[in-house]
Each structure stands twice: as structure tokens, then as C-alpha cells.
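Work through the exercises below with the structure open. Try each task before reading its solution.

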Amino acid sequence: MPTHLSSYEIISGCEIIDKEAFKGTIVETVSVPDTVTSIGASAFEDCKDLHSITISDSVNEIGHSTFRGCERLTAVRLPRYINGIHNNTFFGCKSLESIFLPSGIQFIGLRAFEDCSALRSIVIPSMASIEAFAFAGCSSLKHVSLPMLFNQEAIEDEVFESCQSLETVYYPYDYLPDRIFANCQNLVTIEIAGKLKFVDASAFCCTNLRRVAFRCPVSNEMDTFENFWRFSTLHEIEFLIPFGSEDSFSKLFDLANKNTDIKIVVKSD
């Protein structure tokens, strides 16, 4: 493969793009025909000038690190039938502003979008798992609505670590893992839509967290509530709880009686 390219159209009839096929080349645009079914690992890794790629829906597998380090890539339309986003697929794509995730994907892999510093929003469909550091360092990401997970329900540690612009999160799971929102210094509101059972002591480390809105009863354990506010430097943090579920928040009321920084608001939807 030549190292200096402007645009490249892969010939029709090609079925597989081999691993590292374009790695490190100076290519700006690539067109993938509808005969291709698989793109190998690191196929376009470190293509620093790649800013546009057209991928047909015939592709059902994109390997790990495929677009890692493609610093000029601004947008990607993923094929409809891929099974997931593998490890490091878009790691360090610093110009990536938007991406559409098809509804059939099963997982987002380790560090899949880490350091995509221009990514402002993303819609995540229902899937089986979101692995560690998947969106860590996405410093422009402002709003996240997380999907329902199924099968081996799993959202791993540090998924959103250092997403410094993140302001609001919709969270539908029953646990908050280690450092999932660590160093998200602008995170103000988190809406809890799952029957929360566990909050890791290091889940937040967010100095500006102001509001936690519960949409349903949760496990009535002290740590479930305590770990929301223990890193906050504000004078007050507000907990909104649903009307009629006060009993399941009795430990939160106990904390509020001891700590004037905690305010509880009972709301009916």
C-alpha cells in the first residue's frame, strides 16, 4: 500500500479489508463498496488525514483499533448490522463530533471512544454491556441518556471519567461502579431511573454535583446515599424522591438530619 494517497476507492468484489491495510497512510477519503463484509483490526489506525469514509451496510464486522488515532475524522455512519464497537475502535479521534450507533449493537468495548474530545452527544441503544473507559476523556460530551442493558447487565468502571463538560445524566441501572463519573467537574444533575442498590465510594469525585433525582425507590442503605454527596464542595445538594416512597429513603432522611448540606424534596410526577 502506498503511503501517500488523497482518495481511495476500494474495488467492487473485495470482501475483506485486511488488518492494518491502510495503517499510517496519508489518505483523506475512502469509499468501501457493498461487497465488503469485514474490516480488519487497525485497518485505518493512525491515518492522520482521514476525514471521510463511506461504509456500506454490507459490513458486519469492524475490528479493534480500526480508526484509532484518525485525528481528522469528523463523522462516521456505522453499518446497520455490526455486532458491536470493539476495543479502541475510535480511540483518540479528536475531531469526531457525531456518530450514529445502530440499534442492533451488543456492546461498546474497552476505550472505544476514549479521548474523542470533540464528541458532544451520542445516543446509545439498548445493548448487553458498556466496557471500562468507553467514553473517558470525551471532554465536550454534555448530555448522556444511558440505555437499558440486557443479558449480563454490565456497565464497567470509569466509563465517563474526565468528561469535563458533562452536565446531566439519565442513569437506569442498579449500581454505580468505581470512578464512573470521576473528574466530571461540571456534572450538576443525575437522574436515577433504576432501583439503585450500590454506589461505589469513588463513583463521583464531582465537586459540582447539585441534584440527584430518584424516579423510583432504591435500596435503603446508608452508602447508597452517602456516596453521592461526600465529594461535593457545595453547601447544599438536593435529593428529589418520588411521593409515597419515603420509607425506602429513611436512611437518606437520617443523613439529612445530621448534615445540613443535604436537602430532600418529595415530588409527585
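Helices (H or I, at least four residues) and strands (E, at least two) are DSSP runs, numbered from the N terminus. The model is predicted.

**Exercise 1. The whole protein**

Task: State how many helices and strands the protein has, and describe its span, burial, contacts and surface.

Solution.
- Step 1. Take the secondary structure: 2 helices and 21 strands.
- Step 2. Take the span of the C-alpha trace along its principal axes: about 70 × 35 × 25 Å.
- Step 3. Turn to burial. The protein has 269 residues, and 50% of them are buried.
- Step 4. Consider contacts with a separation of 6 or more. Residues 24 or more positions apart account for 32% of these.
- Step 5. Finish with the surface. About 12100 Å² is exposed, and carbon and sulfur atoms supply 46% of that area.

**Exercise 2. Charges**

Task: Find how many positive and negative side chains the protein has, and how far apart the centres of the two sets lie.

Solution.
- Step 1. Count each set: 22 side chains are positive and 36 are negative.
- Step 2. Compare the centres of the two sets. They lie 4 Å apart.

**Exercise 3. The faces of H2**

Task: Decide which residues of H2 are buried and which are exposed, then find what the buried ones pack against.

Solution.
- Step 1. Locate the helix: H2 covers 250-258.
- Step 2. List its buried residues: Leu252, Leu255 and Ala256.
- Step 3. Look down the axis of H2. The buried residues fall within an arc of 100 degrees, so they line one face of the helix.
- Step 4. Recall the helix geometry. An α-helix has 3.6 residues a turn, so residues three or four places apart point the same way.
- Step 5. Check the other side of H2. Asn257 and Lys258 are exposed there.
- Step 6. Identify the partners. The buried residues of H2 pack against helix H1 (222-229), E20 and strand E21 (262-267).

**Exercise 4. A serine in the loop before H2**

Task: Place Ser245, classify it as buried or exposed, and find which backbone oxygen lies 2.6 Å from a polar atom of its side chain.

Solution.
- Step 1. Ser245 sits in the loop between strand E20 (237-242) and helix H2.
- Step 2. Its relative accessibility is 8%. The cut-off for buried is under 20%, so Ser245 counts as buried.
- Step 3. The oxygen belongs to the backbone of Pro242.

**Exercise 5. Three buried hydrophobic side chains**

Task: For Val30, Ile192 and Phe181, give the location, the relative accessibility and the contacts beyond four places in sequence.

Solution.
- Step 1. Val30 lies in strand E3 (residues 29-31). At 4% relative accessibility, Val30 is buried.
- Step 2. Val30 touches Tyr8, Ile10, Phe44, Leu50, Ser52, Ile53 and Thr54. Ser6 is 24 residues away from Val30 in sequence, and their C-alpha atoms are 8.9 Å apart.
- Step 3. Ile192 belongs to strand E17 (residues 189-192). Its relative accessible area is 0%, so Ile192 is buried.
- Step 4. Contacts of Ile192 include Tyr171, Leu176, Val212, Phe214 and Phe228. Ala43 is 149 residues away along the chain, with 39 Å between its C-alpha atom and that of Ile192.
- Step 5. Phe181 is in the loop between strand E16 (175-176) and E17. Phe181 is buried at 0% relative accessibility.
- Step 6. Among the contacts of Phe181 are Phe160, Leu166, Tyr171, Leu176, Ile190 and Cys206.

**Exercise 6. Positive phi**

Task: Find phi for Glu20 and Glu158, and decide whether each is buried or partly exposed.

Solution.
- Step 1. Recall the background: most residues other than glycine have a negative phi.
- Step 2. Glu20 has a positive phi, near 60 degrees. Its loop runs between strand E2 (16-17) and E3.
- Step 3. Glu20 counts as partly exposed, at 44% relative accessibility.
- Step 4. Phi of Glu158 is positive, near 60 degrees. Glu158 lies in the loop between strand E14 (149-155) and strand E15 (168-171).
- Step 5. Glu158 counts as buried, at 15% relative accessibility.

**Exercise 7. A histidine and its partner**

Task: Find which side chain makes a polar contact with the side chain of His86.

Solution.
- Step 1. His86 is in the loop between strand E8 (84-85) and strand E9 (98-100).
- Step 2. The partner is the side chain of Glu61, at 2.8 Å.
- Step 3. Other residues that His86 touches include Ile62, His64 and Phe107.

Conventions: Residues numbered from 1 in each chain as written. Predicted model: local features only at pLDDT ≥ 70, side-chain atom pairs only at ≥ 80, totals over all residues. Heavy atoms only, no water. Buried < 20%, exposed > 50% of the residue type's maximum accessible area, 1.4 Å probe, protein only. Contact = heavy atoms within 4.5 Å. Areas by Shrake-Rupley, 256 points an atom, 1.4 Å probe, with all protein chains shown as cover. Lys, Arg positive; Asp, Glu negative; His and termini not counted. Charge placed at Lys NZ, Arg CZ, Asp CG, Glu CD. Polar contact = N/O pair within 3.5 Å; in protein donor to acceptor, adjacent residues only side chain to side chain. Arc of directions from axis to C-beta.
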